[in-house]
Amino acid sequence: MRTTLTAITLCLTALIAAGFPFERKAQSGKEKRVQYAAWDDVNVIAHGLLQLGQGLKEHVDKTKAQMKDLSGKLKALNGTVGDLGRESHRLRAEGEALRLRAGGLEEREGRLLNVTAELRERAEEARQEHRAAGERVSRLEEKVDGLLLRGPADTNANAVRNSSESRVIQTMLEGQNKRIDDLLERIQLQQEKLDKQNMRIRSLQSQIQHTKEVAKSAKAEAMIQSIGMEQQDSPNGIASNCHELFVKGETSSGVYTIEPLSGKAFQVYCEMTAEGGWTVIQKRQDGSVDFDQLWQAYQKGFGNLNGEFWLGLENIHALTKDGDHVLKVQFSDWKDESESVAMPFSVGAEDTKYALHIQPAGTTGNLESSLATDATSGLPFSTRDHDNDHKSDGNCAKHLSGGWWFSNCGHSNLNGRYFQSPPPKQRHQRKQGVFWKSWRGRYYPLKTTTMMVAPGAIKKNKA
């Protein structure tokens, strides 16, 4: 269309130039005679202008149809933003009621409100651009209508002006097309933001639902704690670990109250197996708990003992500070293949930064090397606000996500980000996942992990 308009404009310019009056001397050299272009040339010019106006009219009609389509999309976008606003208010009300048990959700809800406000501002900008574009199209229609109303009589004097106006109209149309393309691009970007926002809302709803389930199980946990207190008052006393419960006759896996030697009582999840009772200190299975926590949270522990959780560095130290103990790590991949590894270990007190010690004599295979290689002399625990790793030019916990006994960031991290299958395509994201390098490699996020502790005597009982 633009090529056609340019060709017609050039043709009109040539014809108009041919139609300008010019002077010619008579044979006497004194008389001057003015000659005008032929009437047929004038008709050709007028016919060309009419065709140009008709083409512009069609282009304007096409532009109006595009604007109507954009208007419909903007209305749908406004409705979506309104729905997001209402959903945001509803989630905020629920989050306030659950604030005591879901403190981490308030920060996510604030980010949700900020993104929703940004979307509203962008939608308002799009509506203003839509109104401005409508006004420009209206002015363009008036000019085209005025051009079509002119007949062949308005030719010579107005020809140059009409040609100039046609070029102005063409420039306006080109600018309008560019603005329409920019508006479509903005709408596409906002649609992508809305899709991401929907994913965040679904994630937030899932976490709120999980918090409700935790609240429902609070009574059950209180009952279990009450049973534990009764057990403490019994003549036999309270058990110091899950294996002792197993020896006393407990064979069902579940939540129990234990009291390590020279320590305080707390609740744990006991995994009862044929070989004995194991105290679970970490569990990952569905990504329902965020393990990217700070130092204080890793000290005290977090999560739900009946789901995903971290028992707490203080509790792990209390379990392993007396006598020899065995750490057993179980993991599975997204093909439902599983593996396990066991090694003698202990965790130091806070003044050692809860250093992990693995006895080299107890490690016999390559699978253990992902944790045992750097922990024979003590490997301190690190979080993103307490950088205790061996990497001098970076913070492994901040770079990889989650607290762990890091050496140089590359061997293992069972507290990393939980990725559903399939894992992210970007390599820098996959290395932030839950991995055990000597089994599936550094860039293969695992599906489930379980870390559990038992006294060294469990091996003798197994033998």
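1. Let me start with the contacts of T279. Setting aside neighbours within four places in sequence, T279 touches N241, C242, V268, Y269, L311, L319, M451, M452 and V453. This is a predicted model, so please read these contacts as computed from predicted coordinates.

2. T279 belongs to strand β5, which covers residues 277–284. Is T279 buried or exposed? With a relative accessible area of 2%, T279 is buried, because anything under 20% counts as such. One of its contacts, V268, is eleven residues away in sequence, and the C-alpha atoms of the two are 6.7 Å apart.

3. On to the aromatic rings. The whole structure contains 13 aromatic pairs. One of them joins Y298 and F302, with 5.1 Å between ring centres and 90° between the planes. That pair is edge-to-face, since planes over 60 degrees apart fall in that class.

4. Both partners of that pair are worth a look for accessibility. Y298 has a relative accessible area of 0% and is buried. F302 is also buried, at 12% relative accessibility; the cut-off for buried is under 20%.

5. Which residues do ring pairs link into a cluster? The members are F291, W295, Y298, F302, W310, Y354, F381, W404 and W405. The Y298 and F302 pair described above is therefore part of this cluster.

6. Two arginines sit over aromatic rings. The charged end of R284 is placed over the ring of F291, 4.0 Å from the ring centre. F291 is itself a member of the aromatic cluster, and residue 284 is where strand β5 ends. The other case is R440, which lies over the face of W439 at 4.2 Å from the ring centre.

7. Now for the empty space inside. How many cavities of 30 Å³ or more does the structure hold? There are four. The second largest has a volume of about 70 Å³. Its lining is made up of 15 residues, and those closest to the centre are S370, W405, S407, H411 and S412. Among these, W405 also appears in the aromatic cluster.

8. A last point on that second largest cavity concerns the make-up of its lining. Helix α8, residues 369–372, contributes the most, with three residues. By residue class, the lining holds six nonpolar, eight polar and one charged. If you plan to inspect this site, S370, W405, S407, H411 and S412 are the residues closest to the cavity centre.

Terms used
Residues numbered from 1 in each chain as written. Predicted model: local features only at pLDDT ≥ 70, side-chain atom pairs only at ≥ 80, totals over all residues. Heavy atoms only, no water. Phe/Tyr/Trp six-rings, centres within 6.5 Å; stacked < 30°, edge-to-face > 60°. Buried < 20%, exposed > 50% of the residue type's maximum accessible area, 1.4 Å probe, protein only. Lys NZ or Arg CZ within 6 Å of the ring centre and 35° of its normal. 1 Å grid on protein atoms, 1.4 Å probe; cavity = no way out; pocket = protein on both sides within 12 Å on 5 of 7 lines; lining within 4 Å. Points joined across faces, edges and corners; volume = space filled by probe spheres on them. Helix = DSSP H or I, 4+ residues; strand = E, 2+ residues; numbered from the N terminus. Nonpolar A, V, L, I, M, F, W, Y, C, P; charged D, E, K, R; others polar. Contact = heavy atoms within 4.5 Å.
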